[in-house]
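Trainee: I have a model open on my screen and would like a close look at one part of it. Could you walk me through that part and then show me how the rest fits around it?

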Amino acid sequence: MLASDLPPGDKWRKFELKALGLRDFARVGIDQPLNPFALAEFANLVVVKFDQLKGLSESARKHLLGPAVEAWSGGACALPDGRKLVVLNPTHGRARTNATLMEEICHVFLGHQANRLSIVTKDARGKVMSRDYRKSDEEEAYGVGAAGLVPYSSLKRFLRNGKGTNQIAAHFRVSRELVEYRMKVTRLWHDYKPGVR
Ligand SMILES: [Zn+2]
């Protein structure tokens, strides 16, 4: 690997290396999209569909798919056999779901210990969210997950070759927001933000 394959900044370089390790493990080439659903099994995650959930009251179901639909992207809980059950919001498209599942996978691969109770906090934009892990673990899981989905060296090459953020997002099956987030944290944004060239 070349030093130029890693982003600037100590933290992001570490995240990138962990993400590349995950991609190696999944045997996907650097420019190929990573399918988190194929990785989930190795992380001992059981992904279930929302409709498969039993024991959820009709009012809870209506709430989760109605007024609260934007407030959650996924939920996880431990199973007695040590595996973890993950439920993904069925109304979020594949791109968002990929990022949510990837974060859950990273928590497992990075060995994060879940809090006994999830903590309800407000995010930077004042939106209420619940956290199942320490704040630094949440940041690492999301950061490594995003790097795994959109590796720095491919992102840089695609941008250099004139590909747009929508095209790159479609290629890696993620949202445009996630591509832009990766561009910002790896400092590619300044040179390649939409409208620069
Ligand atoms: Zn998390």
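Is Thr-165 buried or exposed, and at what relative accessibility?

Mentor: Happy to take that one with you, and please keep in mind that this is a predicted model. Thr-165 has a relative accessibility of 10%, and buried means under 20%, so Thr-165 counts as buried. You will find Thr-165 in helix 7. Setting aside its neighbours within four places in sequence, Thr-165 is in contact with Arg-176, Val-179, Glu-180, Met-183 and Pro-194.

One of those partners, Val-179, leads us onward, since Val-179 is also in contact with Val-174. Again leaving out neighbours within four places in sequence, the other contacts of Val-174 are Ala-95, Leu-149, Val-150 and Ala-169. Val-174 and Leu-155 are the residues with the most contacts inside the largest nonpolar core, which has 37 residues. Two or more residues of this core come from each of helix 1 (10-25), helix 2 (36-40), strand 3 (84-88), helix 4, helix 5, helix 6 (152-160), helix 7 (165-172) and helix 8 (176-185). Apart from this core lies another, of five residues, including Val-48, Phe-50, Trp-72 and Val-87.

Now follow helix 4 and helix 5 to the metal. Glu-103 (OE), His-107 (NE2) and Glu-138 (OE) coordinate the zinc ion at 1.9 to 2.2 Å. Along the sequence, these donor residues follow the spacing E-x3-H-x30-E. His-107 belongs to helix 4 (residues 94-109) and Glu-138 to helix 5 (residues 135-149), so this pair ties together parts that are 31 residues apart in sequence. Both donors of the pair are covered: His-107 counts as buried at 1% relative accessibility, and Glu-138 counts as buried at 14%.

Helix 4 also holds Phe-109, and here the picture turns to the surface. Phe-109 counts as partly exposed, at 32% relative accessibility. Together with Phe-25 and Phe-42, Phe-109 makes a nonpolar surface patch of about 310 Å².

Finally, have a look at two loop residues with an unusual-sounding backbone angle. Arg-27, in the loop between helix 1 and helix 2, has a positive phi of about 55 degrees although it is not a glycine. Arg-27 is exposed, with a relative accessible area of 76%. Asn-44 sits in the loop between helix 2 and strand 1 (45-48), and its phi is also positive, near 60 degrees, in a residue other than glycine. Asn-44 is partly exposed, with a relative accessible area of 42%.

Conventions. Residues numbered from 1 in each chain as written. Predicted model: local features only at pLDDT ≥ 70, side-chain atom pairs only at ≥ 80, totals over all residues. Heavy atoms only, no water. Donors = N, O, S within 2.8 Å, 3.2 Å for Na, K, Ca; no water. Helix = DSSP H or I, 4+ residues; strand = E, 2+ residues; numbered from the N terminus. Buried < 20%, exposed > 50% of the residue type's maximum accessible area, 1.4 Å probe, protein only. Patch = residues over 30% accessible without salt bridge, like charges linked within 9 Å, V, L, I, M, F, W, Y side chains within 5 Å. Areas by Shrake-Rupley, 256 points an atom, 1.4 Å probe, with all protein chains shown as cover. Salt bridge = Lys/Arg side-chain N within 4 Å of Asp/Glu carboxyl O. Core = buried A, V, L, I, M, F, W, Y, C linked by side-chain atoms within 4.5 Å. Contact = heavy atoms within 4.5 Å.
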